Structure formats: structure tokens, C-alpha cells
Amino acid sequence: MPLDLDFMIRIFPELFRALILTVQISFLALLFGIVLGILLGSLRVIGPRYIQIPIQWLVNYIRGTPQLVQFLIVYFALPRIGIVLNEYWTGVVALTVIAAGYEVEIVRAAIESIDKGQKEAALAVGMSEVKALRLVLLPQAMRRMIPALTNELSNVIKASALLSVIAVNELTKVGNKIIYETFYFFEVLIEVAVLYLIVIGVLGWISSYFENKVFAYGEAITATEVR
Amino acid sequence: MDLNFMIQILPRLLRASLTTIQVSLLSLLLGTLFGLLMGMIRVLGPRFLHPFVNAYVTFVRGTPVAVQIYAAFFLLPRIGLNWSLFEISVFALTFNSVGYQIEIIRAALQSIDKGQHEAAAAIGLGKWKAMWLITLPQAAQRMIPPLTNELANLIKASSVLSIIALYELTRAGEAIIASTFRYAEVLILMSILYFLMIQSLTEGSNYLEKNVFNFRTSRIKTRKIKQPAG
């Protein structure tokens, strides 16, 4: 099947704008998701039982139902409780819900993977539980979260393709619109797939940089000890 | 909340759930078949095939399932395959699942102790025979938990098939919402059905892991029982 390269170049600006929107929404959702995830994840670890259990229910619910169903719920439920947002912010909220659900587990797992002695030592020098979490456990857990969080960001980007069902003009939706206007299936689908691949590939690369260079204090301490 | 309405639409949603389960299970089984094949190629096969398998995995894992479903929907008829919507759906989800299963199977095969291959080679088994008789049975048990995860992912991914109008649970729910506007009831019922499907599959897989695919653990148990007697 010969590809029409001229056509592919011609639609590139339109697809690129949609890609920017996809990345923006995903990134915002991931950021809000991290904030929510660290908050809820910490509560899940040190909070009282009557807070831990509802958080676990929420996480089970988000992980146990399809993202599309959650999008529909956000799409229908927000206006019902009086919050009327445009498509862009509805998309951000919907993706944030999903991202937060998975990130709570990531944060919890990372905090619980830190050696128990660290928490005990922190409590022994008189820190409160919250302070121990903030100053001792979270900074160490942060590094272990990075690979899982990158994974989650690529999941969020892939999930954002579903926002096309609630009329957000992201990459998949724009690609589809072009297909229906021109019937150039092959060219459009390839270009859309390649754009997704590039974004997700670049993310993996950035993440390993962060893991090795920026959040490497754990490693640095061990290195000093060895010397 | 209108309970009567929920009971009234339940049969319709249950019938649609059946489609969801059919598509997901079929895709998982076909995916395991091709995944095993490509996973074994990735571990044992000739080196020149590895980049192709890797490229396939990267492509599947790097693009949204929605794009893959659209691609199957638009391109399969283009190359002359006049498949039904159900067949297209199974193809799209299988295509997606194989990409994830290759990695699951590769990881399980490579996690088996090297001594096992060496012992098999020492008693004169060929590479492929050792894989079939020694490595694969042991790896099978380790594959079960990630494959369950994959099945749960497939059930969730099957909801995306509603964009190409396959009448599965999400599509059925959307259709009811569109005709009655009672989204709260429908969405709650849909969530419960999905949740139950995924939960019961997880339980089933735990059973499989503990009772059917436990060749290794059962052998260890026998050894432990024999020891005090001898």
C-alpha cells in the first residue's frame, strides 16, 4: 500500500496541536494525581483505620472498573452536582481520578518498601509519625516511585485516547475526524500511532534520567558509606 | 435510585456482559497461544527475529488500545477481510494482548533457574525439547498471576470496543442511557458487573495457581513428608 507522504505532512500541524493537548491534559492529570496520590497514599499508610478502609475501597473501585466507565461517570456526574466544566477540564478531572487511583497504590507500596528500621529510628529520635513520613520515608520512597510513575504517565496518555468519547479534541479524536473527512485510513492511523510512540518513548527516557540523576540521593549515601 | 428500573435493565446488561466475557476470554486464549510462540522465539529463537518481536512489543505497549481498535476496524476490511464486528474485536484485543503476554512469558521463562537448562542439556535433550518438557511446565505457574492481571486488563480494555459499536457491556449501558437518561442507575450497575467479573476471575486464577499448576510445590511437599520417615 503506497503511502501518500504529502498528505501526511499536510495533516501534521493539526495532529501536532492535538498531541500537545493530549500531553497537556495527561500531564496535568498526572500532577494532580501525584498530589492526591501522595496525600491519600500517606493516609493509607499512617491514617486511622476508618480512613484507610474507604481509601482502599476507592482504589479497588478505580482499578476494578474500566476507564471508559469512569469517564462516563465523571462526564455525567459532575454537572449533576453543580460543577459545569468545559471538555478540557472534564478530561483533566476524569484522568486525574484514574491516575490518583493507581498512584495511591504506587505511593503506598513505595513507602512500605522502605526498611522498617528507618521509621523506627525516626520515631526513636522523637519525630512524630507525620514528620517521620515527610522527612525520612517519603524522600526515600520518591526514587522507588519514579519507574512506576512513568509507567502510570504512559498509561494516562494512553487512557487519554478514550477522552475522544466525551468530545475532547485530543489526538485520537482529531485523527478520526480526519479519517472520516478524507478516508485516508492508513496514513492517519500510522501517523497517530507514531506520535503516541514518540511521546511515550521520550517519557521513558526522561524517567530513567530522573531516576539515575535527580533522585539518586539513596545511592549517593551508600556510595559514601562504602568509601 | 430506582431499584425497579435497575432490575428491569439487568437482563439486558447481563447478556451484554456475556459478550464482554467471550471477547476477553477468547482474546486471552489466542493471545497466550501467540504469546507463547513469540515469547519462545524471543528466548530461544534465531537472533535475527528478536528485533521484530521487540518492535511489535514496543508498538503495542506504546500506543493506546483505542488506536489499535480503530486500526483493526478500518484496516482489516481494507485488506479484504470481511469479518464480523465480533471477529474484528477479538482480533484487536488479541493483537493488543499478545504484546503484553510476550513480556509476561519471556519473564517467566527466564526466571527459571539456569541449572534446569544445563541439566536438561546434560542428559541430551535438545533446546526446544528442554523448553517444552522442563522450562515451560515450571514457568506456567509463575505466569498465572500476571496472566490474571492481563485478563482483568482485557476485560477493562473490552469496554473500549464500544467505540466501534460492538454490543458489549459498556455499549449496552450507553444505549440504555441514551434512551432513558437514567445514567446514575445504569452506571452503578455497570460498575458492579465489571467489578464482579474481574473479582471472580481473580479468585478463579488463585485457585488455578494453587491447585492445578503447582507441580513444583507439590513435589517439595512430598519430599518434606518423606524426610522424617527416612
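This short presentation goes through chain B, one helix packing in it, the aromatic contacts, and two loop residues of chain A.

Good morning, colleagues. Please bear in mind throughout that the model under discussion is predicted.

I begin with the overall make-up of chain B. Its secondary structure comprises nine helices and zero strands, so that, read from the N terminus, the order of elements is α-α-α-α-α-α-α-α-α. The C-alpha trace of chain B spans about 70 × 50 × 25 Å along its principal axes. Chain B has 230 residues, of which 45% count as buried. As for its contacts, among those with a separation of 6 or more, 81% are between residues 24 or more positions apart.

Let me turn to one helix packing within this chain. Helix α6 of chain B, residues 127-158, packs against helix α8 of chain B, residues 183-212. The angle is about 170 degrees, and the axes are 10 Å apart. How are these two helices oriented relative to each other, roughly parallel or roughly antiparallel? Angles over 145 degrees count as roughly antiparallel, and α6(B) and α8(B) are therefore roughly antiparallel to each other. On the α6(B) side, the residues in contact include Q141(B), I144(B), P145(B), T148(B) and L151(B). They are met from α8(B) by residues among which are Y194(B), M197(B), I198(B), L201(B) and E209(B). Sorted by class, this contact has nine nonpolar, four polar and two charged residues.

I come now to the aromatic side chains. Over all chains, the count is 14 aromatic pairs. One of them is formed by F185(A) and F74(B), whose ring centres are 5.2 Å apart and whose planes stand at 35 degrees. Planes under 30 degrees apart would count as stacked and those over 60 as edge-to-face, so this pair is tilted. F185(A) belongs to helix α8 of chain A, residues 185-214, while F74(B) belongs to helix α3 of chain B, residues 65-78; the pair therefore joins two chains. Are these two residues buried or exposed? F185(A) has a relative accessible area of 12% and is buried; F74(B), at 8% relative accessibility, also counts as buried.

F74(B) has a further aromatic partner, Y70(B). Here the arrangement is stacked, with 6.0 Å from centre to centre and 10 degrees between the planes. Y70(B) and F74(B) are four residues apart in helix α3 of chain B, so about one helical turn separates them. Y70(B) is buried as well, at 9% relative accessibility. Taken together, ring pairs link Y180(A), F183(A), F185(A), Y70(B), F73(B) and F74(B) into a cluster.

One further ring in chain B deserves mention. R182(B) lies over the face of F5(B), 4.3 Å from the ring centre.

Finally, I should like to draw attention to the backbone at two positions in chain A. F183(A), which we have just met in the cluster, has a positive phi near 65 degrees, although this residue is not a glycine. F183(A) is located in the loop between α7 and α8 of chain A. With a relative accessible area of 52%, F183(A) is exposed.

The second position is A167(A), again a residue other than glycine, with a positive phi of about 65 degrees. A167(A) sits in the loop between α6, residues 129-160, and α7, residues 171-182, of chain A. Its relative accessible area is 37%, so A167(A) is partly exposed.

Thank you for your attention.

Key: Residues numbered from 1 in each chain as written. Chains lettered and ligands numbered in written order. Predicted model: local features only at pLDDT ≥ 70, side-chain atom pairs only at ≥ 80, totals over all residues. Heavy atoms only, no water. Phe/Tyr/Trp six-rings, centres within 6.5 Å; stacked < 30°, edge-to-face > 60°. Buried < 20%, exposed > 50% of the residue type's maximum accessible area, 1.4 Å probe, protein only. Lys NZ or Arg CZ within 6 Å of the ring centre and 35° of its normal. Axes fitted to C-alpha atoms, helices over the stretch in contact; angles between N-to-C directions. Parallel < 35°, antiparallel > 145°, perpendicular 65-115°, else oblique. Contact = heavy atoms within 4.5 Å. Nonpolar A, V, L, I, M, F, W, Y, C, P; charged D, E, K, R; others polar.
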